[in-house]
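Please look through the model shown below, beginning with its interior and then turning to its pockets.

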Amino acid sequence: MSDASTGSVTPATPRSASGVLLVLAHPALERSRANRALAKAAKGLSGVTFKDLYESYPDFVVDIEAEQAALVKHDVIALQFPLYWYSTPALMKEWLDLVWLHGFAYGEDGEALKGKRLFVACTTGASAKAYHMHGYNRFSMDEFLRPLEQTAHLCGMEWETPFVVHGASVKDDAALKAEAERYKARVASLSPKNVEA
């Protein structure tokens, strides 16, 4: 265990899959210092396809076929988001509900994501000490990310150790820059195409 996490169905073509699909969900990215810094660092990497869900689907009308095709095309699916009420932002949940369908992502003939890796990167407002049994939030980050870990398991994916930035809103510029560099290195390590563009 890590320590920190109804539409048309596109047929899987695992042999042609490569790289990292980085899916960002932040409803107010222009006001987020941390998620903007992380996204900017990862977008500069070769082998990373970047998608901002709130920019792509401001009306929440998700193009299921296009999203499934993108998932099939990549070896690693990376989800980046701020932890909102102990979960993903609403559009990322909607995206998962609409795109990761039975018969595509799991269930009978649902093997499009089998063998791929799922990586989660998230930010929190509270410090790391708030995320344990005796902390303010009573549970660890592993526990809060358990639904996504189970999603990976259900879909036959490998669960990567999550990347978490705690206390994101109170970090100074130097600390955020260091986190962005750490994130860049981590995302690069997930892809065989880890040379900067």
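Which residues does Leu 71 touch, once residues up to four places away in sequence are not counted? In this predicted model, the contacts of Leu 71 counted in that way are with Leu 21, Ile 77, Trp 95, Val 99, Trp 100, Phe 104, Leu 113 and Lys 116. Leu 71 belongs to the largest nonpolar core, a set of 40 residues in which Leu 71, Leu 79, Phe 81, Trp 95 and Trp 100 have the most contacts. At least two residues of this core come from each of β1 (20–24), α2 (53–56), α3 (64–73), β3 (76–82), α4 (90–99), β4 (117–123), α5 (141–144) and α6 (146–154), and α4 gives the most, with five residues. Apart from this core lies another, of 19 residues, among them Ala 34, Ala 121, Val 165 and Ala 188.

Strand β3 deserves a separate look. Because seven of the seven residues of β3 are buried, the strand is largely enclosed by the rest of the structure. Its two faces are both covered, with Val 76, Ala 78, Gln 80 and Pro 82 buried on one side, and Ile 77, Leu 79 and Phe 81 buried on the other. β3 runs parallel to β1, to which five bridges join it, and in this pairing Ala 78 of β3 is the bridge partner of Leu 22. β3 also pairs with β4 in the parallel sense, over seven bridges, and here the bridge partner of Phe 81 is Cys 122 in β4.

From the interior, the description passes to the pockets. The largest pocket has a volume of about 270 Å³, and among the 17 residues that line it, Lys 93, Leu 96, Pro 147, Leu 148 and Thr 151 are the closest to its centre. The elements that give two or more residues to this lining are α4 and α6, with α6 giving the most, four residues. Sorted by class, the lining of the largest pocket holds 12 nonpolar, three polar and two charged residues.

The second largest pocket contains about 230 Å³ of space. It is lined by 14 residues, of which Pro 82, Thr 123, Gly 125, Ala 168 and Ser 169 are the closest to its centre. Helix α1 (residues 33–43) gives the most to this lining, with three residues, and by class the lining of the second largest pocket has five nonpolar, seven polar and two charged residues. Pro 82, one of the residues closest to the centre of this pocket, is also one of the buried residues of β3.

Note on methods
Residues are numbered from 1 along each chain as its sequence is written. This is a predicted model: local features need pLDDT of at least 70, side-chain atom pairs count only at pLDDT 80 or more; totals for chains, interfaces and linings use all residues. Side-chain values use heavy atoms; hydrogens and water are left out. A nonpolar core is a set of buried Ala, Val, Leu, Ile, Met, Phe, Trp, Tyr and Cys residues joined through side-chain atoms within 4.5 Å. Buried means under 20% relative accessible area, exposed over 50%, partly exposed in between (1.4 Å probe, protein chains only). Contact means heavy atoms within 4.5 Å. On a 1 Å grid over the protein atoms alone, a cavity is a set of points where a 1.4 Å probe fits but cannot get out, and a pocket is an open set with protein on both sides within 12 Å along at least five of seven lines; lining residues have an atom within 4 Å of a point. Grid points are joined across faces, edges and corners, and a volume is the space filled by probe spheres set on the points. Ala, Val, Leu, Ile, Met, Phe, Trp, Tyr, Cys and Pro count as nonpolar, Asp, Glu, Lys and Arg as charged, and the others, Gly among them, as polar. Two strands pair if DSSP finds at least two bridges between them.
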